[in-house]
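User: Please take a close look at the domain assignment of this protein, and describe in one connected account the elements that go with it.

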Amino acid sequence: MSAPLLEISGLSARLRRPPHSPLLRSVSLTVAAGEVHGLVGESGAGKSTIGKAILDILPDAIELCGGTIRFAGEDLTTMPAARLRKLLGTEIALIPQDPMTALNPSRQVGSQLTDGLRLRRGLKGAALKQKAIELLRDVQIADPERVLALYPHEISGGMRQRILIAAAFSLDPKLIIADEPTTALDVTVQKEVLRMIRNMQKIHGTGVVFVTHDLGVVAQVCDRLTVLYGGMVVEQGETAAILASPSHGYTRALIDATPRHDRAGTGMQPIPAGIVADLKAQLSRYGFGPSGHV
Ligand SMILES: Nc1ncnc2c1ncn2[C@@H]1O[C@H](COP(=O)(O)OP(=O)(O)OP(=O)(O)O)[C@@H](O)[C@H]1O
């Protein structure tokens, strides 16, 4: 079997200042080329911290304190800064959570969409415009020439997110970090955007780390998933198998807590207190041991 595209081993992170509270506890996971890997868990589980660690955009308050992040065989945590900067944006890209804040309100959509192609590939003039039109067609935006000249406030939230998806795929990266990319959208638009991400990653063969708190979303887009609690891995494996038959009580409780629009009377069940107490006990014993599993 070929090496995974992304291999995170024993990744630990903590607050930089005393008392150095642990935020990631020896997290290990792999993402194969072309795989969508979901990071799931409640608020504060450490999902975004993993995404930010991959992209080298951790806030100053957080530091890595162990483990490796190997991308195509190279460890990003020890890579020289210049090489890392080159890789991020070309081979690894981000689809951010909130399309309104991610786009600059004072720049036309076209110039923002083509930043990567201009700056990293040196495209300009008619060739750049043609490529921008193709990118918008790929994400099924009608009348792309008109849209390129618009400002972010002149288009809908769903269309803004499609533009960010098109921008993320514009340099044909091997890996995309999608950080809650549909949270800011309403439910019908969410579905379209999820389908779009799935289609684009299949066409391009892109690996995706998909951060979400929503198991309904996971069921739609993720091939495999890692369930996190308090910065530690609770369970991981094939999405269909875990959703059908979770091996950990916490995963079962998360599934039960997920609203099902197709079944009346389901959803919004609280996580049982006993399961949370067990996990908390595990966290307090955990430290930064070698295993990432509960
Ligand atoms: N800038 C920061 N300064 C201090 N602590 C932070 C900072 N950002 C995140 N944390 C802490 O790191 C832990 C993990 O946060 P993270 O954002 O990764 O969780 P998450 O699973 O993505 O949840 P959410 O969906 O709420 O963002 C939390 O305890 C959070 O309080």
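Analyst: The domain assignment, whose bounds come from an automatic or database source, divides the protein into domain 1 (6-91 + 173-286) and domain 2 (104-172). This is a predicted model, in which local features need pLDDT of at least 70 and side-chain atom pairs count only at pLDDT 80 or more, while totals for chains, interfaces and linings use all residues. Residues are numbered from 1 along each chain as its sequence is written.

The C-alpha centres of domain 1 and domain 2 lie 28 Å apart, and 14 residues of domain 1 are in contact with 13 residues of domain 2 (contact means that the C-beta atoms, placed from the backbone, lie within 7 Å). On the side of domain 1 that touches domain 2, helix α9 (residues 187-204) gives the most, with seven residues; helices here are DSSP runs of H or I with at least four residues, strands are E runs with at least two, and both are numbered from the N terminus. That side of domain 1 holds 10 nonpolar, three polar and one charged residues, where Ala, Val, Leu, Ile, Met, Phe, Trp, Tyr, Cys and Pro count as nonpolar, Asp, Glu, Lys and Arg as charged, and the others, Gly among them, as polar.

Turning to the sheets, six strands form an open sheet with mixed pairing in the order β6-β7-β8-β3-β9-β10, two strands being counted as paired if DSSP finds at least two bridges between them. At its edges stand β6 (92-95) and β10 (232-238), each of which pairs on one side only, and from one strand to the next the twist averages 15°. Four bridges join β6 to strand β7 (residues 175-179) in the parallel sense, with I92 opposite L175 in β7. Lying across β6 and β7 is helix α8 (residues 157-169), which runs at about 175° to β6; axes are lines fitted to C-alpha atoms, for helices over the stretch in contact, and angles run from 0 to 180 degrees between N-to-C directions.

A further open sheet has four strands in the order β2-β1-β4-β5, with antiparallel pairing. Its edge strands, β2 (22-31) and β5 (74-75), have a single partner strand each, so one side of each is left without a neighbour in the sheet. Strand β4 (residues 62-71) and β5 run antiparallel and are joined by two bridges, and F71 has E74 in β5 as its bridge partner.

Two loops carry backbone details to check. Most residues other than glycine have a negative phi, and most peptide bonds are trans. P18 and P19, however, are joined by a cis peptide bond with omega of about 15°, and P19 lies in the loop between β1 (6-15) and β2. D56, in the loop between α1 and β4, has a positive phi near 60° although D56 is not a glycine.

Helix α1 (residues 47-55) also gives the largest share of the shell around the ligand, three residues. Of the 14 residues around the ligand, S43, S48, T49, P59 and A61 come nearest, a residue being near if its C-beta atom, placed from the backbone, lies within 6 Å. By class, this shell has six nonpolar, seven polar and one charged residues.

Notes. Contact = placed C-beta atoms within 7 Å.
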